[in-house]
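Here is a short report for a reader new to this protein. It moves from the whole chain to one sheet, and then to a few single residues.

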Amino acid sequence: SDPDRPRRLNVGLIEDVQGALGDGRWGPDGSSTGGFEWLVVFASDYDPAGDAYAGETAFSLDAYVGLAARVRDGFSLYQAPAEMTLTPAALRGVRAAAVANGTAELVWTAATFAGGTELRVEDEQTGAVLLATDPASGQTSISGLDPSRRYSLAVRLLDDAGSEIASRTVSVRPAVSQGVAGAVALDPSRAGTSTYGDIWGYVDPGGSEYALLTGRGTGLSVIDLRRAPAGAPVEVGFVASPAGARDAKDVKVFGTHAYVVHEVGPVQIVDLSDPASPREVGLLDVQPGTPNGGSHNLLVAEGHLWVVGGRTVGNAGLRVYSLADPAQPAFVGAFRPEHRPVPYYHDVEVRGGLAYGSAIYQGGGVDVLDVSDPSDIRLVSTFTYPGAGAHNTCSTDDGATVYVGDEIGASGNWMRIFDVSDVENAELVGEIIVDPLATVHNCYVAGDRLFVAHYTEGLRVFDVSDPHEPVEVAFYDTFLEPTYGFSGAWTAYPYLPSGRILVSDMQAGLWVIQLDGLFVSAEETARPAGDLTLQVFPNPSASRVVVSASLGTPVAAEITVTDLLGRVVARPLAQRQATGALEAQIDVSSLAPGTYVVRIRAGDRIGAAPMTVVR
């Protein structure tokens, strides 16, 4: 890349074996794949033992340069003299992401230039420019940004003569949350846990709330929520996946029983009567006679278990089971979408005798089924949109509007809004686009709120009081990596009586999120806030905030302020014995703009209120 300053490179010749194509020799040919032969220039030192790259493929190696080698038509492999010139990109991989409200992180890969690196940050609204330097690391954090604005970030490389190589500009809004008063996470990882899947809520007969979280390589975790989000949730029970079953993806609840789906293997039936001692009480084979049969998803609705997905050599459409005996679901009926190129439903929603089956493959849209008699299911209509890859649906309480999430379609992996007041003539009336490059996943509607698990964009909450014109009112980014794709938030569960939102994150596990305006007791079953009050004013503020609290009987009390990552940024009242009225002042002039949580802990009770800092 620089004839006057050559560098020593570590070069590897790799045969990426693909079935019968591998012959143990590095011998590129003229095919479009090059016979799966790779030439790789490594970033790391040569490993003569080969241990560093054991089990790796050419796609995951630490490489400066990788190419699938091919031989030009009419030429043989070895001809002398031969020469290859490698010219690495001087500046690449520029990514930006928010890591906290008011703080963004910029990451890049660059060659070393004598003139150093210059970071350029521009406010997209005002055009104001902020410059900083970070010549070595290829990564920097920029704080003090306004979370309500978007910023343009770029990197420049300068050589001795002042010549410039500039990166593309990336855009970021330095906010990870909005409308959130508190959040806490729990990763109940154990050997075999690769990623997490679905989540559901469970309320025991005594009123205590629990989260049910699927570990895709392990089984089902039962998690006590009584101290969250002010305190940590606690895993109190676990049920391993059955022998031979693989990929626990989904879970739903009926009464005191949970039903856990496996992509390969039976549905596992779990008794939750004692959440601390959950027990497997049955297995349901939903693809009898099908090798490696299983299912992808299920739903509990209208007294039945509705199962979809699985091996397409069986029935990967819809299978229905009565829950008259929850421990022994009884088969009632099925529907196989033979009218589809791939007769497969990825998800199903059931409401008022109608079912919406999401046909994700080959441009599939949504089937509307009459399931008023589950033993005689009939196709009513279909609706779709160009390039569809319909993953799932969720509908408003009146059933007149359906939101369709797209996971793999060709025309944007976001949400579409359909008016289905006439299900035989559904009309596309809008879209919900959080980020055009991001992929949406599961959604649920609770009242006039739409809750969306949006993979890398985390939890998104929309006001759908006008169902055709959703307005985003809250979000919490559970996955802060500056990437897109199939990582991050899998499901958001919004149906707990306390109003807490449960989010399963594929990498982090469980998030318990409290939206603005709620008081949560440290013990869910303990006495209510009663004589404990907390006020924050003025709110928002740019300089100084007064926090006042009122207590009844004497108790040990303290007041803290945390950011939305749970980090304490101020402690206006250290723990001390107190009674009656308390008052403390907080200087917020040094805090980055954004949302914070003011908490008072008084004995076993906790009050929380949001505090917004502006500039």
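## Overall picture

The accessible surface of the protein comes to about 27,000 Å², and 50% of that surface belongs to carbon and sulfur atoms. Accessible areas come from the Shrake-Rupley method with a 1.4 Å probe; for residues, only the protein chains shown count as cover.

This is a predicted model: local features need pLDDT of at least 70, side-chain atom pairs count only at pLDDT 80 or more, and totals for chains, interfaces and linings use all residues. Residues are numbered from 1 along each chain as its sequence is written, and side-chain values use heavy atoms, with hydrogens and water left out.

The protein has 0 helices and 45 strands. Helices (H or I, at least four residues) and strands (E, at least two) are DSSP runs, numbered from the N terminus. Of the 615 residues, 52% count as buried. Buried means under 20% relative accessible area, exposed over 50%, partly exposed in between (1.4 Å probe, protein chains only).

## One open sheet

Four strands form an open sheet in the order β30-β31-β32-β33, with antiparallel pairing. Its edge strands are β30 (390-395) and β33, and each pairs on one side only. Two strands pair if DSSP finds at least two bridges between them. Strands β31 (residues 401-406) and β32 (residues 415-419) run antiparallel and are joined by 5 bridges. Gly405 has Met415 in β32 as its bridge partner.

## His441 and its surroundings

His441 lies in the loop between β33 (427-432) and β34 (443-446). It is buried, with a relative accessible area of 2%. Its side chain makes a polar contact with the side chain of Tyr455 (3.3 Å). A polar contact is a pair of N or O atoms within 3.5 Å; within protein, one must be able to donate a hydrogen and the other to accept it, and residues adjacent in sequence count only if both atoms are side-chain atoms. The backbone oxygen of Trp490 lies 2.8 Å from a polar atom of the His441 side chain.

## Two positive phi values

Neither residue in this table is a glycine.

| Residue | Phi | Loop | Relative accessibility |
|---|---|---|---|
| Glu302 | about 55° | between β22 (297-301) and β23 (304-308) | 45%, partly exposed |
| Tyr455 | near 45° | between β35 (449-453) and β36 (459-463) | 3%, buried |

## A cis bond

A cis peptide bond joins Ala228 and Pro229, with omega about 5°. Pro229 sits in the loop between β16 (219-224) and β17 (234-240).
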